Amino acid sequence: MERTFLQHLRYGGIALLLLTTLHCAARQVRSEIELEEAARRAAANEEKGWQALERTIRPRDEDPDVEMQKKALREVGKIPSPRSEVLLTENLTNRYMRAEAAEGLMQQRNDSNRAQIDQAIINAARSNAQEFSGLTREEIRALGESDNPEAVRLLKQQIGRDPNKDEIVVESLGKILRRQKRSSYSPLDFTLPLGQAPATGAQLQFEDISANKDEAPPAAATAADNSEDTDPEKVLLEFLG
C-alpha cells in the first residue's frame with residue numbers, strides 16, 4: 001500500500017510539472033519556474049515560449065507584476081532574435097523597464113543592426129534624460145558602447161546630475177575614447193618617401209596656411225565649439241580638471 005501511495009505521489013508530481021509547463025507556454029508567466037521554462041522554449045524558437053514572454057512583458061492586467069516583467073525582458077535580451085529587438089526597443093522609454101531594455105538591446109548588436117540600435121539608444125536616452133531627470137546605470141553603460149557621436153554629448157550632460165553615477169559616466173567616456181584611439185591608430189612607415197601615403201603610395205596634399213590666417217569663416221569656430229561636446233577626451237579633461 002505504501003508503494004502504491006508513493007507511485008501515485010510520483011505520478012502526481014509529474015502531472016503537476018507538465019501542467020505547469022503547458023500553462024507557462026500558453027499564458028504569461030507567474031513564477032520563476034514558469035519563466036525559466038518559457039525562456040528555454042523561446043531560445044529554442046518555440047512559439048509558445050515566445051508568447052508566454054510577450055504576454056508577460058505586455059500584460060493585460062491593470063496591476064501587472066513589474067518585477068516579473070523586468071525578469072522576462074532580461075531573459076528576452078539574452079536571446080539573439082529580431083523578435084527580441086522589437087520587445088526591447090518598445091520598452092526603451094518605459095519608466096520601469098528602460099534599464100533592462102537598454103542592457104538587453106546592446107546584447108543584440110551585430111554588424112548589420114549596430115547603427116540602428118545605437119540610434120535607438122540615443123533617441124531613448126535623450127528623451128529619458130528629460131522625462132525622468134536622468135539615466136539609469138544601464139543606459140549610461142549602453143551609451144558607452146555606442147559609436148554614435150551624440151553618445152558623448154549625452155554622457156557629458158549626465159556628469160554631476162547624480163554623483164553616484166559619475167564614475168560610470170567617466171568609465172563609459174573612457175571606453176569611447178579607447179575605441180576611437182584604436183581606430184585612428186596608424187603606425188608610420190619610415191621606408192616611404194616623405195609625403196607619401198602608407199596605404200596607396202600616393203603623394204599627400206598639404207594645405208598652405210601661410211596666408212589669410214585671419215580670414216577663416218565664422219562657421220569654423222562654431223564647429224570647433226560643438227565638437228568639444230562630442231570629443232570624449234575633451235569632456236574627460238574638463239571633468240577631471
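A salt bridge is a side-chain nitrogen of Lys or Arg within 4 Å of a carboxyl oxygen of Asp or Glu. In this predicted model, Arg153 and Asp229 fit that description, with their closest N and O atoms 3.4 Å apart. Arg153 sits in helix H9 (residues 150-158), while Asp229 belongs to the loop between helix H11 (218-227) and helix H12 (232-240), so this salt bridge ties together parts that are 76 residues apart in sequence. The pair also belongs to a network, in which salt bridges with shared partners join Glu150, Arg153, Lys156, Asp229 and Glu238. Arg153 itself counts as partly exposed, because its relative accessibility is 23%.

It helps to step back and look at the whole chain. Its secondary structure comes to 12 helices and zero strands. Of the 241 residues in the chain, 36% are buried. The accessible surface comes to about 15,700 Å², and carbon and sulfur atoms account for 52% of that area. Among contacts between residues at least 6 apart in sequence, 60% join residues at least 24 apart. As for confidence, the mean pLDDT is 83, and 72% of the residues reach 70 or more. Residues 15-25 need some care, since their pLDDT is below 50. Beyond near neighbours in sequence, that stretch has 16 contacts in the model.

Salt bridges deserve a closer look, and the structure holds 22 of them. One of them joins the side chains of Lys71 and Glu32, at 2.4 Å from N to O. These partners come from distant parts of the chain, with Lys71 in helix H4 (residues 66-77) and Glu32 in helix H2, 39 residues apart. Lys71, at 29% relative accessibility, counts as partly exposed, and Glu32 is also partly exposed, at 44%.

Helix H4 takes part in another such link, between the side chains of Arg74 and Glu100, at 3.2 Å from N to O. Here Arg74 of H4 meets Glu100 of helix H6 (residues 98-106), 26 residues away in the chain. Are the two partners buried or partly exposed? Glu100 counts as buried because its relative accessibility of 11% falls under the 20% cut-off. Arg74, at 36%, counts as partly exposed. Side chains of opposite charge can pair when their charged atoms come close.

Glu100 also leads into the surroundings of H6, a mostly covered helix in which eight of the nine residues are buried. Besides Glu100, the buried residues of H6 include Ala99, Leu105 and Met106. Which helices do the buried residues of H6 pack against? Their partners are H4, helix H5 (82-89), helix H7 (114-131) and helix H8 (137-145). H8 in turn has its own buried residues, namely Glu139, Ile140, Ala142, Leu143 and Gly144. These pack against H6, H7, H9 and helix H10 (166-184).

Back in helix H2 (residues 32-43), Glu37 offers a local example. With a relative accessibility of 15%, Glu37 counts as buried. Its side chain makes a polar contact with the side chain of Arg40, at 2.6 Å. An α-helix has 3.6 residues a turn, so residues three or four places apart point the same way.

Key
Residues are numbered from 1 along each chain as its sequence is written. This is a predicted model: local features need pLDDT of at least 70, side-chain atom pairs count only at pLDDT 80 or more; totals for chains, interfaces and linings use all residues. Side-chain values use heavy atoms; hydrogens and water are left out. pLDDT is the predictor's confidence in each residue, from 0 to 100. Contact means heavy atoms within 4.5 Å. Helices (H or I, at least four residues) and strands (E, at least two) are DSSP runs, numbered from the N terminus. Buried means under 20% relative accessible area, exposed over 50%, partly exposed in between (1.4 Å probe, protein chains only). A polar contact is a pair of N or O atoms within 3.5 Å; within protein, one must be able to donate a hydrogen and the other to accept it, and residues adjacent in sequence count only if both atoms are side-chain atoms. Accessible areas come from the Shrake-Rupley method with a 1.4 Å probe; for residues, only the protein chains shown count as cover.
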